[in-house]
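User: I would like to understand how the labels used for a protein model are justified. Could you take me through some of them, one at a time?

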Amino acid sequence: DLALCESVGKLTRSAPWPQRSVDVPVGSPADLASRSYLTRLLTALRYSRRVQLLNAILGVVRERGHRLRSDIDSTISYIVTSISSLSLSKSEGVHWMNWAGDMFMAADTDYSSVDNAREWIADRILIPLVTHIPITALHLFMAKHCPSLWSLIMSGPGTSIASVLALRSAYHIVTAMVNRLQDQRGSLFTSMGSDLKSICKTCSDHVKKMAINGSISPSIDRSVRSSAYSCLCSMLMSHGSSSPPPPQPLIIAVCLSESPTEPLWSRIIDTTWSPSFTIDTAFSISRSVSGVVPKRAPDRRLHALSNTSLSQDIFSLREESLIVAPSSSDHPAPDPGVPTVIALELDPINALEVMPDMIRLVQYLSDRFPGNPPDHPPQWMDHLHRLMRSNIVQLPLFFIKLILNVVSIFEPFADFWFSDIVRISTSGPVIGGVGFHYFLRDVATMFLNEWSGFIPGQANASQANAFINHCLSVAGDIGQPLSDTSKPVQPEAKLRHNYQLISGLVKKWSSADFPLHLNPFIGYSLLQSKGGATDVAYARSAYMGLSLIELPLLIGLPEYDRGSPSPQVSFDSLNEYLIRCLGHESRIIFNRAATLFGRIFQYESVHQCLCPQRIERLQNVRSLLSSLANQGQSYRYISMIMRIGAICPDFLDDTTCSQILPLAIHSRGQLQVDALKSLIPVISVIEDPFDILLPVINQAQTQINNEVDRSLLMLVLYSVPRIRPDLVHTKLWPLISRYSTHQDVVCRLTFFKTVSAALLNVSSLGKEFSLQLYSAMVSAFGDDSQEIREFAQKFWTDSAVGYTNPSSLLIWLLDLCIGDAFWLSLTC
């Protein structure tokens with residue numbers, strides 16, 4: 001076996017074996033041969049678990065971009081999982097641990113410049129084993145290798161890229177051991193021949209003071225310092241439950257503070273990155289998986305973000321080789337020393353290696369130093385808050401993203417953070433934000449949803465109004481088409497999502513102890529856009545403009561108490577814009593404009609606005625309705641009546657009724673359904689509507705259409721309380737009683753609601769007719785629909801037909817059912 005492994009090593013280290021898999025064309029003889037041989041070698045490695053074979057092919061498998069990367073990773077992961085689930089007293093496990101430790105500490109392991117083998121061994125073998133092996137085996141590993149590991153860290157980064165990467169991996173290994181040991185970390189200090197204070201000082205110096213060769217890229221420089229920072233935080237946090245936590249001032253001084261001579265944040269945060277935020281983001285939300293926090297992983301799996309109208313593809317990020325699941329037989333419960341994955345949206349801020357460590361640090365500090373909400377934040381939070389005033393734009397963005405990642409920790413102190421979050425997120429070009437960009441959307445979503453109980457206080461009134469009006473000013477942003485057109489997000493969906501966020505915030509904050517002042521000109525300016533009745537761009541602009549003008553009316557804001565809705569817009573112009581929208585060919589724009597007219601008329605009616613402008617507006621709309629009716633545009637006419645009348649019934653008059661009635665009688669299909677629905681608000685303002693109702697019922701009953709029957713019964717339901725009792729008995733009941741057995745559940749339920757309305761709201765029905773109606777309500781108990789049976793039960797429970805004594809009620813019901821054994825049994 002050893003001779004064979006030696007031969008394999010010679011084969012993979014010399015020509016014709018390619019130094020890199022990408023060095024040969026895909027599908028070429030050399031490519032096919034090398035992949036075929038490597039596949040067989042991986043199979044042999046999986047079944048034999050011979051460390052000598054891995055050593056022989058190490059130069060091949062460490063290549064990050066290898067064409068068989070998935071097979072390589074799955075093989076190594078399988079072996080490491082198998083080994084970690086065994087007792088390491090067995091020679092195989094000890095051999096693997098010692099080999100991996102020896103190879104990592106040997107500088108000549110990197111005999112090739114292809115990829116760093118020591119880093120590969122640390123990431124794929126050492127860290128998973130350290131994370132999951134039994135504690136006793138970990139102590140054996142520490143006793144042998146920790147002195148050399150600490151010596152490597154103490155010696156600093158060196159001058160070569162290989163030594164810098166080795167330092168980073170050494171920090172990762174130590175951090176993994178600290179997280180695993182927790183309150184047993186003293187054994188690690190002993191193995192390293194040092195103490196907590198010296199180790200923390202070394203880590204801090206490497207973060208803030210370490211000099212790294214200028215030829216090393218800034219990203220690797222930042223990554224090495226971040227690994228030292230991660231180790232520093234873990235050292236301070238991993239004291240276990242048996243030891244007291246470090247003092248809060250010490251953690252602030254070591255992990256959060258900096259000075260001009262010892263910078264911290266510029267070392268671990270990318271301050272050269274130029275922020276650029278738009279509504280169209282290709283960034284993705286990761287999904288939680290068990291294991292340790294992964295690095296930025298190369299393998300991504302698509303999922304669907306379906307919980308928002310702004311749906312788009314997202315990625316699930318994981319580094320499989322870092323996630324080793326030991327068998328349940330040897331490890332029945334999760335190890336408390338193994339941190340779980342933190343799910344983060346993958347953007348340039350969350351992509352910083354320090355973000356997961358900051359999240360853990362903030363969670364740790366919040367648990368131990370919670371402060372006194374809402375007005376007295378802890379010292380560490382106050383320190384972070386002061387950093388929000390930094391002139392380095394990336395730093396406050398980093399802390400807002402940190403808040404977005406752990407919103408529940410900062411919610412009790414939301415008023416404390418609100419002003420600065422608003423100031424930064426609405427800075428536009430200063431933070432590279434364009435339009436309703438995703439960073440602004442994240443903040444708005446946090447205010448609306450994650451900080452569910454938060455409403456700004458009086459001290460933040462101006463900032464709250466500034467945030468709302470900034471969102472209003474960019475509400476029409478639809479961005480650019482996504483580069484990935486497989487599932488494009490339509491502009492209309494973006495507009496809807498923009499409006500949902502804004503309207504949700506306005507409705508939520510309208511209960512604040514200060515008034516909201518929405519800038520009405522923003523909505524009007526969108527209506528002023530140039531475009532014809534068929535212009536799609538104008539339709540989108542008009543849709544959002546109408547929505548924004550309607551917004552203050554939905555929550556009763558006094559934007560229309562003034563003589564003009566805006567200093568820049570006259571009432572004549574407002575009327576002109578709205579009438580123009582009513583002429584747009586888009587039904588959505590037309591319906592939106594009609595609804596807005598209803599809101600305006602209702603607001604002016606409630607507030608008794610008798611100004612000439614209102615009279616003129618009413619005349620204009622009635623004139624347009626007459627024009628639509630005369631031109632035969634029945635659908636638009638009915639739609640306009642439905643939307644205005646449903647909101648402002650006072651708008652409707654006898655003329656409206658005379659125009660709708662022929663459509664309700666003679667039309668067919670959806671137009672008749674809409675006409676019937678539009679009659680409902682008309683009927684509600686007529687004293688005795690039976691003469692209007694009778695021809696409609698007679699004509700509708702000639703059709704077999706569930707939608708027509710539903711609309712008809714709703715019309716009857718609203719009409720019954722205003723029909724004379726004798727007409728209800730002699731004329732109406734014979735026409736509608738047959739609906740008690742209608743095939744449609746909604747029709748039957750509406751019928752029983754109509755019967756209930758007649759019994760409860762119509763006086764002097766007569767004893768005989770009342771008994772008929774009560775019998776109908778008893779029959780509801782025998783309906784197949786549970787909803788109808790529950791309605792019947794509620795009717796009898798609430799009404800009790802004048803009987804407060806259950807015995808008297810039962811006797812009355814039994815008398816009602818005499819002669820009908822079926823109803824008698826139902827009553828009982």
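**Reasoning from values to labels**

Analyst: In this predicted model, isoleucine 392 has a relative accessible area of 35% and is partly exposed.

User: Why is isoleucine 392 called partly exposed?

Analyst: Buried means under 20% and exposed means over 50%, so isoleucine 392, with its 35%, counts as partly exposed. Isoleucine 392 lies in the loop between α16 (379-387) and α17 (394-405), and its C-alpha atom is 7.1 Å from that of threonine 271, although 121 residues separate the two along the chain.

User: How do you know that cysteine 231 is in no disulfide?

Analyst: The count of disulfides comes to zero. For cysteine 231, the nearest cysteine sulfur belongs to cysteine 203 and is 3.9 Å away, whereas a disulfide needs the two sulfur atoms within 2.5 Å, and therefore this pair does not qualify.

User: What makes cysteine 231 buried?

Analyst: The relative accessibility of cysteine 231 is 1%, and because the cut-off for buried is under 20%, cysteine 231 is placed in that class.

User: Why is cysteine 200 called buried?

Analyst: Cysteine 200 has a relative accessibility of 11%, which is again under 20%, so cysteine 200 counts as buried.

User: What makes helix α20 mostly covered?

Analyst: In helix α20, which spans residues 438-450, 10 of the 13 residues are buried, among them Tyr438, Leu440, Val443 and Phe447. Phe447 is also one of the residues that touch the most other members of the largest nonpolar core, which has 246 residues.

Methods: Residues are numbered from 1 along each chain as its sequence is written. This is a predicted model: local features need pLDDT of at least 70, side-chain atom pairs count only at pLDDT 80 or more; totals for chains, interfaces and linings use all residues. Side-chain values use heavy atoms; hydrogens and water are left out. A nonpolar core is a set of buried Ala, Val, Leu, Ile, Met, Phe, Trp, Tyr and Cys residues joined through side-chain atoms within 4.5 Å. Buried means under 20% relative accessible area, exposed over 50%, partly exposed in between (1.4 Å probe, protein chains only). Helices (H or I, at least four residues) and strands (E, at least two) are DSSP runs, numbered from the N terminus.
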